[in-house]
Amino acid sequence: MNIQINRNLAGELLAADKRGCLGLFMEVVYHGSREKGLKQIKKHTSTHQKECVYAVDNEVIALLFASNENCNGDYDYSIGCADGIPYIVERWPGILNKIYTTQASLYKLDGKNFNHYDYLWQPEVISFFDEPVLEEIEIENVLKKLRIFQNEGRLKIYDYPNRPDDIPMDNSDLIENAKLFESMGIKGAEEQLYKLYPQLRGN
């Protein structure tokens, strides 16, 4: 189970518009995937229980979604935006290396069918159609590319144990997230959390 809903705080709801993390109107949107050579991004049932295609407003955030099959989504890291700059927080030692030492592709898609809704994270947009690929950008090593974005000032990476003040070191904030996931119909979300973080059980 790869749980990915809202990358900043699970309960955060933001106003619907066509502007994302960087405040730019999106003629083109980006979709990150570990699958290469796709000519079309097909809709699927999402964690929001809607059949759609997800995309975001810029390539940096899109690449954060291109982890490998070892990823446990929001339980492994937290992502968000602060002052217009995306960030990612490593929740336990070595997880970024484990999930991002992989090949991937960034896909450019036409933004015309994509819209933002109030249950999405601000940079996220969805389309309810299968979307043809405009361009594929192959990435040889996702983590190395993320480090490049970091050096360019386009991404802030909080390597463990560094993190923002609102994310506790014991990761206990994930308990409320897991309860939210269960309420959204994602069965087994709480049990997956306690399997990864047994110290949180009973909190």
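Helices and strands on this tour are DSSP runs, a helix having at least four residues and a strand at least two, and they are numbered from the N terminus. Please keep in mind that the model is predicted.

**Stop 1: a cis peptide bond**

Select Tyr160 and Pro161. The peptide bond from Tyr160 to Pro161 is cis, and its omega is near 10°. Pro161 sits in the loop that runs between strand 10 and helix 4.

Stay in this loop and select Asn171, which lies between strand 10 and helix 4 as well. What is the sign of its phi? Asn171 is a residue other than glycine, and its phi is positive, near 60°. Is Asn171 buried or exposed? Buried means under 20% relative accessible area, so Asn171, at 4%, counts as buried.

**Stop 2: two helices side by side**

Now select residues 173–183, which form helix 4, and residues 189–196, which form helix 5. The two axes come within 8 Å of each other and cross at roughly 150°. Angles over 145 degrees count as roughly antiparallel, and helix 4 and helix 5 are therefore described that way.

Show the side chains where they meet. From helix 4, look for Leu174, Ile175, Ala178, Lys179, Phe181 and Glu182; from helix 5, look for Ala189, Glu190, Leu193 and Tyr194. Of these contact residues, 7 are nonpolar, 3 are charged and none is polar.

**Stop 3: a hairpin and its sheet**

Next, select strand 5 (residues 77–82) and strand 6 (residues 85–90). How many bridges join them? There are 6, and the two strands run antiparallel. Two facing pairs are easy to pick out: Ala82 stands opposite Ile85, and Cys81 stands opposite Pro86.

Click on Asp83, in the loop between strand 5 and strand 6. This hairpin has 2 residues between its strands. Asp83 has a positive phi of about 55°, although it is not a glycine. With a relative accessible area of 83%, Asp83 is exposed.

Zoom out a little to see the open sheet, which has 3 strands in the order 5-6-10 with mixed pairing. Strand 5 and strand 10 (156–158) are the edge strands, each pairing on one side only. From one strand to the next, the twist averages 20°.

**Stop 4: strand 4 and its partners**

Select residues 51–56, which make up strand 4. Why is strand 4 described as largely enclosed by the rest of the structure? The reason is that 5 of its 6 residues are buried.

Add strand 3 (residues 44–45), which runs antiparallel to strand 4 and is joined to it by 2 bridges. Here Thr45 stands opposite Glu51 of strand 4. The hairpin formed by strand 3 and strand 4 has 5 residues between the strands, and in it Gln49 takes a positive phi near 65°.

Then add strand 8 (residues 124–127), which is joined to strand 4 by 4 bridges and also runs antiparallel to it. Look for Tyr54 standing opposite Ile126 of strand 8.

**Stop 5: a look at cysteines**

Finally, select Cys52 and Cys71. Cys52 is buried, with a relative accessible area of 0%. Cys71 counts as buried too, at 5% relative accessibility. How many disulfides does a search of the whole structure find? The search finds 0.

How values were computed:
Residues are numbered from 1 along each chain as its sequence is written. This is a predicted model: local features need pLDDT of at least 70, side-chain atom pairs count only at pLDDT 80 or more; totals for chains, interfaces and linings use all residues. Side-chain values use heavy atoms; hydrogens and water are left out. Buried means under 20% relative accessible area, exposed over 50%, partly exposed in between (1.4 Å probe, protein chains only). Two strands pair if DSSP finds at least two bridges between them. Axes are lines fitted to C-alpha atoms, for helices over the stretch in contact, and angles run from 0 to 180 degrees between N-to-C directions. Angles under 35 degrees count as roughly parallel, over 145 as roughly antiparallel, 65 to 115 as roughly perpendicular and the rest as oblique. Contact means heavy atoms within 4.5 Å. Ala, Val, Leu, Ile, Met, Phe, Trp, Tyr, Cys and Pro count as nonpolar, Asp, Glu, Lys and Arg as charged, and the others, Gly among them, as polar. A disulfide is a pair of cysteine sulfur atoms within 2.5 Å.
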